[in-house]
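Here are a few friendly notes to read beside the model. Please keep the structure open as you go through the numbered points.

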Amino acid sequence: MGGSLEAIRYKREGGHATLHLLEQRKLPLETEWLDIPGPKAAWTAIRDMTVRGAPAIAIAAALSLAVDLVNGGSGAQFADAGAAAAYITEQLDYLVTSRPTAVNLSIAAEALKSLAAAQAGEAGASAAGVAGAVVEACEEMLREDVAANKAMGAHGAAALLAAAQARGRAADGRLRVLTHCNTGSLATAAYGTALGVIRALHEQGRLEHAYCCETRPYNQGARLTAYELAHDGLPSTLICDSAAAALMAAGKVDAVVVGADRIAANGDTANKIGTFCHAVAAHHHDVPFFVAAPTTTIDPQLDHGGLIPIEERSPEEITHFKGQRVAAEIGVWNPSFDVTPATLIEAIITERGLVAKASASGTGFAIRSWLTETSTAAAANGSAAAANGGAAAANGGAAGAAGVAAKKPATQPGFKALDCNAVKDYVAARPQLAKHVGSPDTRTSWTVREVGDGNINFVYILEGPTGALCVKQALPYVRCVGESWPLSQDRVRIEAEALAAEAAHCPQHVPAVYTYDARMCIIAMQYLAPPHIIVRKGLIEGRIYPRLAAHLAAFLAETLFRTSLLALPSDQFRANIAQFTNTEMCRLTEQVIFTDPYYAAQHNRHTAPQLDGDVAELHADVAARVAASKLKAKFTEQHQALLHGDLHTGSIMATEETTYVIDPEFAYYGPVAFDVGKILANLLLAFFACDGHATEAAPRSEQRRWLLQCARELWGGFRQRFTELWRAHGAKGDACSAALFSGDSAEAAAALEAAQQQFMDELWADSLGFMGAVMIRRIVGIAHVADMDSIPDADVRAACERRALRFGRCLLVEGAAGFASVEALTDKAEAARHDGQQPCFPL
């Protein structure tokens, strides 16, 4: 045979487009091409498996829409841009129903819908512009799939050979590879995924033999893969599905590579029925088992494979052959897919490279963080993080970049940055959101304000006849710097899931989330109406929040205890760590809190020249460097509970009666003391800033006393509530085994009391260190606090900052040795107000 195999033929010339799909049900005996004039025909072809394979399904569906749009008039058939976007959304939603398991189709549909909505929302948008943008995007999918498959083949060929040789196989550098179902040119735009890996091995002279399984009951392996192998002249053999284990036992398989229809965030993989059997057999015979799939097959919103919908097909596929019944009258179960657990998978091969196991134990894959890291790497054109310790900033607001990326930051497919006008269109097109503001036909009366006062995200408040809505969007870079500073958009997913987890444990202090849009990197949530205000702003104005300490103590205790190993079994705890792996945002924190303040980092800043001497002292302070580095290791290594990660007074909205904690985009599993120490540090910063805001008429003495009382009550309330939860929960978590810490024995009771005392003592000591580090970075690092920065007189501001800086240094270096209790902490804070400096105004 000759020529290049293909399953999809698409052409656009002038104002006309055509799409033809290879009728794969008739292969290998007949070659027939079906004309696909639009989505309806594509839906039938996908459902009936005229076209199959997750990548090919997505491409065929998208191109059917492109054909429909082009031949319908390239936008002229619609009244306006909104009508074009609505039609595109309707057709894509319809196409997705054809095959529910393969995620590539739903991902492509969401991306195209978002693109259409964004185009329609632009100023001066036209129906032709919307249609044209969508058609171009559909065609780009076809081009990108071929390039991705070639890259996948190269990565996979090297990985299979290395894994086989590590097990003592393929000593001569030639592999015998088994595959299942069809993952080649007939399942993709060209070349293939798993079969593309086999093709790459053959091209490199490293393929000794390929074995393809028949893949009952639809026989994609026997009809299609065997056809492709024979077409390309590869050394190959067809076997029954049930012969695979025996072939491995005979020592004739060096590696297994299969495709995928959906991959969950932990690496669990849905693929054609029978794949799981091969994985089990490979594991038993120590044969490396690989999955090859494009990143569009990964569904990071699904925690594990148990959440993947499994399509069941007609019983006739099993009971009949060529229209004739060949089986007895009996009930039939005919799932089209099964799920292979991540534990059985060596690695996942993608166009970006390999996703390796998250840990040496091999229990799963940290796919979310891998997607973030590889996306960022691509955005930076493959370069490492900027030199000379430069890192992105953040953690409550930061600015500047340590290096310049060579390319624009990577974004989600179909992502479009909104503005005040576009956000109206976005909400109006989604009834579940519009109902919080007003019916779409009242859109012109809606008002929009951009209120994001941080340096990272945009936050919009929409108000209309029926109420208000908060919409938060993350751009793929630090907002205040721009595209030269890429930043992971996965932080939106982390934030949405963290808000859900916090709400499950402490709903009274967490705003309700209405929707999370992964493609547009948007969270739409409850609007906290006035008199709610950001607590930091309220403190600067001189306000007091009498219930703040009790509310924050409850929030911290409930969210930190219930997500810790004290409350959870270890398997769930480990799964949570993987779910909330927030690598890039954590690296920002590590840099700006624990490294930059202690040397002349490029983007540090301080009140100059007033604090020049103080900063020079800090940079020469060996003890401070050592203490900060020790805390950095603890921040990185200790996974105790799900942290908010950025709990300062700017992340809290409150009234005198209510308190809500917002913005957990830095959430991750880390040391409990970091959240506790960070909020206490911010209360102390507000305390030291009081003198800078005081006047003779309003000396702020009452607010200063309250801030110190708030710190005492917060720590005391947190400690009491956390211990109460621990006692009530007992030894149900795996941190303190029930065999050792529960029961009626005196030893068990004593052990539990001793464990609690030790935990709290260590927590207090670590909280003090984190308090100090946070206070220091807010005075001399990249991101300050408005409490200090809003003091207009530079000399007065510097006096307040110097006290806070010196006090923070004492906390960092002395820890529990100098501050044995919260009372000692607040007493010494009061004393530090007078240490070497007179207050700006009398007490």
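1. By class, 12 nonpolar, eight polar and four charged residues line the largest cavity. Here Ala, Val, Leu, Ile, Met, Phe, Trp, Tyr, Cys and Pro count as nonpolar, Asp, Glu, Lys and Arg as charged, and the others, Gly among them, as polar. A cavity is a set of points on a 1 Å grid over the protein atoms alone where a 1.4 Å probe fits but cannot get out, and lining residues have an atom within 4 Å of a point.

2. This is a predicted model, where local features need pLDDT of at least 70 and side-chain atom pairs count only at pLDDT 80 or more, while totals for chains, interfaces and linings use all residues. Residues are numbered from 1 along each chain as its sequence is written, and side-chain values use heavy atoms, with hydrogens and water left out.

3. Now look for salt bridges (a side-chain nitrogen of Lys or Arg within 4 Å of a carboxyl oxygen of Asp or Glu). The structure holds 41 of these salt bridges. In one of them, Asp691 pairs with Arg803, with the closest N and O atoms 3.5 Å apart. Asp691 is buried at 1% relative accessibility, and Arg803 is buried at 4%; buried means under 20% relative accessible area, exposed over 50%, partly exposed in between (1.4 Å probe, protein chains only).

4. Which residues are linked with Asp691 in a network of salt bridges? They are Arg704, Arg803, Glu830 and Arg833.

5. Finally, compare Glu32 and Lys26, whose side chains meet in a salt bridge (2.5 Å, N to O). Glu32 is partly exposed at 26% relative accessibility, and Lys26 is partly exposed at 34%.
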